[in-house]
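Subject: Structure handover, with notes on charged pairs and cysteines

Hi there,

Here is the structure I promised to pass on to you. Please have it open while you read, and my notes follow underneath.

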Amino acid sequence: MAGLNRIRPGDVHAVVVGLENYPRAAEMSLRGAAANALRFARWLRDGGVPKQNITLLLSPLEESVPSITAEAEGAGLTWRSVTAAEDIREVFVHELTTVSGGILYVYWGGHGVLGRNGTGPLLFTPDACSVDLRCFGVEELREFLTRDDLSGFAQQVLFVDACAAFEEQYQLEHGTVLVPFPEPSRREVDQFLLYAARAGQEAEHDTAQGTGLFSRTVLDWLEEHAPDLRPDLPTLERDVRAWFEERYTSTGTLQTPMAYRYRALDGTQEFGATFARVDHAALLHVTGTFRTAFGEDEGSCQKYAGRIAKACGLAPTDVMDPVEWFARALLRTPRMMATFIEALTSDGRIETARAFIELTLVHGVPGLLSVQEHTDLYHLLVRWPRLSPATVNALTAAATPALGVQVTANGVLSPDELMKHIERLEEFPGGYRPAVKGFKVPAVVEFVQFLAIHAGPEQVPHALRIKLAQWGDRVAERLLVDSGELDRVREKAEEWDAVLQASRTSARVVVQIYPEGTQDSYTCVVWTDPGTGEFFRYGHADNGVPVTSERAMRLIDRAARSLTTDEGTTPVVEIVLQHDDLMDIPVHTWDGAPDEPPPALLGVEQQIALRCAPMTSPDREERRRTSLKRRWASRSLSQVVYLDESNAADDRQAYGTLSSERNASRAVVRSGRRIGTALVRAALFAGYPVVLWDSADSRAPTTADFAPLRPEGDVHELPERVQSYWARAQANGTRHPLRPALLLEDHDQRLPPALSLTRSSAPEEEASC
């Protein structure tokens, strides 16, 4: 949900809530919350949203009512006074079902807190008070908005300006009381939620100006960058987070706005993170380990809790039960458990550290690296030469071949992009090895050790490599990894790097394509080869499922970008097709999205070559491959066989012409499409590794049409020459009438081990034609 669809303002609806007056709890007054909500509604009105589409629910302080009323009238808005939870719940539960639209905005400004037992952030209702802290659950409200009885609203954007601090921080006399929403039948909805603070943080309020800092920053951005009501949501998130990070560079980040994006039916996300939930069993496990380790020594627990909370940017922990608070924080807060284990090992409490490492592995605690380890690694990578996606993916696949974690980027990776990749590897902490009575080397340490040894960037100072290796030593020691295990990782890295440097060839993307039989529907399986001859299944949701040509092209393009070298060299894209489909799948002309000018034609953007999948007849495939091997060995002779209508009296004549030229490696088909199909297949059966033909024209092209491609030149340069010709053809189709397709079968470069979509009955070992 990078940006919102183009939509008429009349199809936009909004529920806007601003709670600054809590009548039963005067101490909770939040001056300015109603004005912020009104400003958000005014942004919608200025963008053309009809006033009847905006439900403005306010609980203003008495002194704010005159100014709120005057401003609302000036903006053509009406507002309702809300004094109880039911006033707001009625709108979400009943009133939304009576309207329909394309986009739903929800804005909420008021008090909030982080609930217990995995309930996530809670929002106080206007009738909350010290003895009855009524509230709505953000997660419950978000999920309720995916209900299938709403008409439209397939895109939903939620902004919440409220605290997410722990309940324990406020030393409340009574716990919160959750006001429930019905459990709905759900549907798939794109949702974007930008929350003012992450778990454990307060949302700052400028009392003098009467505004939440988060609301002011978001509203400033929307008014400046999105007057058309179509904000670029990732950019909004980035800019808002940057504003807070810059503001607190001298004292540490006290407030970190968090974006959460959902695909609502199953709760999975396109990107981002959900509110951390704490499993009750995990909480019991951690608190039990605490009490076993520290016994009745509550002072030590308090000391560690304060020390670790400060390191992780949390507020002080003066609470009634420090063990339970600390246990929850360790399970929820990224890097907090790792920082705690780091402190335990530095204090010599090795057995206690071991117990908490086991908890990390069992419960998937967020952030395997401590705050200091993460910071130290970042500072080292800032000094490291910039790496291409191809290099990073090759290192990752070699270090952690079973994970399938890959990175895509345009050009070289910045230190921040590389750290995001490393943070993904943190999700794979390894495990316990009973044989050595120690823990496995986690994926992130394996990757960093491969990076330290990799000889690619020669300009890396030796001292910097040593520091990166020492970083790995420290993390491994803190995680109680056996030193012999780390040595074996380094030996593996040295062997891999030596082989890589000796055998490196051009990178390639291998795509197996099978038409689904319906219009513009294809199944693609995409593999990447970083130049080592090893194949790695490209990790993406569209890989291996039926998609349109547009999505297939985007999938291929992402995989190609992941292999772009440090010098900007792009890989060859090898399209593997069943021989019957060679003429019928126009991959050279696949376009990008029509609303993304200019459309990225795959033939222009990538070097493309077609390859044939193994034939279903093992005997015929063996004969073809024998000929292919012989002709490939003669490719330097540049002998070309031209085929046209004179060779097409019958299939035997064409096949005879091709077979009589025993050492020729190139065939150029100069005929219209109807006859050309038979000639291309004849060249295929004869085992020609290089075949050129016009993929679109019905007429017979001349020899001159193929001249710019120089089929007699270096075979390995043909994909690049075809790509260059395609670009010229797009610029001036009259001067360059050919639409070339290239069949290029390099006998030395094998195909993936299992061509699952080619309907081949050939044995698996024959799948390397």
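Below are my notes on salt bridges, burial and cysteines.

Before anything else, please keep in mind that this is a predicted model.

**Salt bridges overall**

Searching the whole structure turned up 29 salt bridges. As background, side chains of opposite charge can pair when their charged atoms come close. I picked out three pairs and one network for you.

**Arg335 and Glu426**

This pair joins through its side chains in a salt bridge, at 2.7 Å from N to O. Arg335 sits in the loop between α9 (322–332) and α10 (336–346), while Glu426 sits in the loop between α14 (415–425) and β14 (432–433), so the salt bridge ties together parts that are 91 residues apart in sequence. How accessible are the two partners? Arg335 has 13% relative accessibility and therefore counts as buried. Glu426 is at 6%, so it counts as buried too. The cut-off behind both calls is under 20% relative accessible area.

**Arg89 and Glu86**

Here the salt bridge lies within one helix: Arg89 and Glu86 both belong to α3 (residues 85–93), and they are three residues apart, about one turn of the helix. Their closest N and O atoms are 3.9 Å apart, and the limit for counting a salt bridge is within 4 Å. Is Arg89 buried or exposed? At 18% relative accessibility, Arg89 counts as buried. Glu86, in turn, counts as partly exposed because its relative accessibility is 42%.

**Arg721 and Glu717**

Arg721 makes a salt bridge with Glu717, and the closest N and O atoms are 3.4 Å apart. Arg721 counts as buried, because its relative accessibility is 8%. Glu717 has 40% relative accessibility, so it counts as partly exposed.

**A network**

Which residues are linked in a network of salt bridges? They are Arg508, Asp529, Glu574 and Arg611.

**Cysteines**

How many disulfides does a search of the whole structure find? The count is zero. Two cysteines you may like to look at are Cys524 and Cys612. Cys524 has 0% relative accessibility, so it counts as buried. Cys612 is likewise at 0% and therefore counts as buried.

That is everything from my side for now. Happy reading, and do write back if you would like to talk any of it through!

Best wishes

Key:
Residues are numbered from 1 along each chain as its sequence is written. This is a predicted model: local features need pLDDT of at least 70, side-chain atom pairs count only at pLDDT 80 or more; totals for chains, interfaces and linings use all residues. Side-chain values use heavy atoms; hydrogens and water are left out. A disulfide is a pair of cysteine sulfur atoms within 2.5 Å. Buried means under 20% relative accessible area, exposed over 50%, partly exposed in between (1.4 Å probe, protein chains only). Helices (H or I, at least four residues) and strands (E, at least two) are DSSP runs, numbered from the N terminus.
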